[in-house]
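Welcome! Please take a moment with the sequence and the model before reading on.

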Protein chains: 2
Amino acid sequence: MRLIMVGGVAAGTKAASRARRVDPEAEITVYQEEPEPSISECGLPYFLSGTVAARENLVARTPDDFAEKGIEVLIRHRVERIDAENKRLSVRNLATGERFEDRYDRLVIATGARAILPPIPGVDLDGVFRLRFLTDADRIRAYVQKHSPKKAAVIGGGYIGLEVAENLHRLGMEVSLIEGANRVALAYGLEVAERVGAHLEEKGVRVYTGAKVEEFTGDRRVEGVRFGSDELETDLVVAGVGVEPSVELAREAGAEIGQTGAIRVDRRMETSLPDVWAAGDCVQTVNLASGEPAWVPLGDTANQMGRVAGTNAALGPDAEGALEFPGVLGTGIFKVFDIGVGKTGLSEREAEGAGFEVVSASIEAASKASYYPGAGRVFIKLICDSETGRLLGAEAAGDGADKLIDVCATAIWGRLSCPDLVNIDLAYAPPYGPALSPIIQAASVLSGKFG
Amino acid sequence: MRLIMVGGVAAGTKAASRARRVDPEAEITVYQEEPEPSISECGLPYFLSGTVAARENLVARTPDDFAEKGIEVLIRHRVERIDAENKRLSVRNLATGERFEDRYDRLVIATGARAILPPIPGVDLDGVFRLRFLTDADRIRAYVQKHSPKKAAVIGGGYIGLEVAENLHRLGMEVSLIEGANRVALAYGLEVAERVGAHLEEKGVRVYTGAKVEEFTGDRRVEGVRFGSDELETDLVVAGVGVEPSVELAREAGAEIGQTGAIRVDRRMETSLPDVWAAGDCVQTVNLASGEPAWVPLGDTANQMGRVAGTNAALGPDAEGALEFPGVLGTGIFKVFDIGVGKTGLSEREAEGAGFEVVSASIEAASKASYYPGAGRVFIKLICDSETGRLLGAEAAGDGADKLIDVCATAIWGRLSCPDLVNIDLAYAPPYGPALSPIIQAASVLSGKFG
């Protein structure tokens, strides 16, 4: 049985590893365009600043590591066409330019997502980058080494932009963050967005909101960025304005694409094509808080999807013991300087959009017993369905936000409601939190808002 | 309406505050034996070492603070008898010795728990202490200041003993920890207990297990502790061998006592006596993981119970809007030097005792992305019901154990099972965890163990 993975980052390599375990006999090949497989893309902002010192630390496994497990990983190979009817692939060796045909019995599409580089004049100037692959980070690092930029402009106030801003600032650059919307951290409610903006300014990052970039100026190398009536001098631009699913290959092969623009799969990660599964940043899943289709391109989710797709592809269609991937909550976290910023489930706006009537409560609390040294502050907002009291979403910002978000994600997964969160038995000791978790405190405030 | 709280630490003061909010007209009095109300008892070990610098930081609210909210707090007053039939109390003013009668319409018993000081010869020597109240900590601190002890023996390897050992070590003392059982952290499985023991030794605390103390030696002041054939020199002893619920007052008043030895209450925290509620370390509740009666004396739980008891006492029996306290999971955490050690739900042994057939899996994982600076290690064990896959318990030790335990507690509360934990959508970014949470990794291992 010949099993092929198209794409070799989180989902593709995880699928391959799982398939190998399920079927020790299968012939497994992973085609990967980039020069390395199994890259920890979430670590890239930290590689820019040298916080992650060694490049090889970002490559979890090499082709040789996979070869030892009997998995063939072909790097710098691009699958250019899938012939789903005849189960054949056209592949191009990017190193030699050579094209060849391959065949499969079963296929996993894990083509991922790519960073959007908007068609702004000057976007092709030297010194204008996006950050998606390890090779992008290599290019930025080489540019920084060569030109020692003093001023950097980061375009986009999402989590990539925020992480990049922090890490360029750590390199000693004067960093401006430019966001088209009226606030950074747009996926969050106003309270969190304002906290993030204020924290950036406090740390010395200049934040421009409502600032639509019109042009990157400069001759050969970028020298400025123009938005509205402003023009900033800059020696380096990193654009983090979003990602989109890479679905062309699947679409041309005839796979159904969902309303989010990503590949439609069922709970077993099967596409609409026979013997073709898909996983990772290229697929659409379900937001379990709203029940609505969702596209949430994140490394951990890709890994979990890869586990399901790889297992099921190795077992074959309709096999007993097939795994299911139920969906996501859109849980995410990022660090920006001294604070963690995270969310899970639905924001207030998303919940209303999904038809819920919403009750919410926000508090700011100590992150440890207030008398314990090093206690910080953390903001948390809980969003509940007013009818059932069920927790729909949570946002947190500050010290220990990651813990609060993980607890809330678990609560949403378990369909807990506000009274559960008032009485829930969480762990307390002074070094780890206040006597009542900020979640319990917020739920207690919230409980007063129900009729 | 005259509402009286017997006891003014976590449960009693919380009950009073809630009652005040529910009924602005009620006459509310709190009788508290110790010289302060509202003491953060969990902070006491850290006060010994000066980690918590100021004594007043451990007193969350003073009698004056309560007076401002219209709550009378009478410190150094002991309620000596409850006449439940006539709704009368005998009270003694410990400062003056004076006895007087009081009457109530409704009563909340929050008499707490007390530290056990075993009847070992020499237990009354100077320099032998227990640590339960702030006044105990005062006495230990005064003794340390006066005698500058160089060697300390801590009796008991539970969380109080472990916290005290760390804090005396921090004062520069040579600390020996003496535990009667064959390991420290007896509430935990062997893997965690061994990690804790090894960590203590690594930090320079000598650990003696299977060591039943037979005598404290010395003339007027303690000079040694004898167990088996060993005798250690010591200048200071702190015994943390356990606590027991203070139920005499309730028992003599005719309140039913549960099989755990604590006061029996229903979900509304009502005792078997009319118009008498109880909350905190003196009451019995239910372990929601096993459904069995449980007595878990912890400050956060006491606070949550106090909220329910205070609300319901203010509303009156059978009132609409009464709150319910569903039970606990026995969730707890403590810090011992560099690691957090926590548990929730049932240990493997407890689960088997409760009639479950158990499957468990343990892993040790990085606590952040392994390439991110400062990544530590954390051990986690998940314990599931083999029939349903439901999570019954979890233990963790290491960096970030508090987060993992809170997530597992929430999962048990939500009755999640192993497949949920494999796919659950937790927050990932390199500074906050590995790409797949140690919980997901452990659940993945566990899932392989189910038929």
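Below is a short tour of chain A, the pairing of the chains, and one helix.

This is a predicted model, in which local features need pLDDT of at least 70, side-chain atom pairs count only at pLDDT 80 or more, and totals for chains, interfaces and linings use all residues. Residues are numbered from 1 along each chain as its sequence is written, while chains are lettered from A and ligands numbered from 1 in the order in which they are written.

Here is chain A in brief.

| Property of chain A | Value |
|---|---|
| Secondary structure | 12 helices and 26 strands |
| Box of C-alpha atoms along the principal axes | roughly 65 × 60 × 40 Å |
| Buried residues | 57% of the 451 residues |

Helices (H or I, at least four residues) and strands (E, at least two) are DSSP runs, numbered from the N terminus. A residue is buried if 20 or more other C-beta atoms lie within 10 Å of its own, exposed if 12 or fewer, and partly exposed in between, with C-beta atoms placed from the backbone.

How do the chains relate? A turn of 180° and a shift of 0.0 Å along the axis lay chain A on chain B with an RMSD of 0.0 Å, superposed by least squares on the C-alpha atoms of residues with pLDDT of at least 70 in both. That is the relation of a two-fold axis.

Now for helix α4 of chain B, residues 134-147. Its buried residues are B:L134, B:A137 and B:I140. Seen down the axis of α4(B), these fall within an arc of 120° (by directions from the helix axis to the C-beta atoms), so they line one face of the helix. The face turned away from the buried side of α4(B) carries the exposed B:A142 and B:K146. Just after α4(B), B:S148 takes a positive phi of about 40°.

Note on methods: The expected span of a helix is 1.5 Å times one less than its number of residues.
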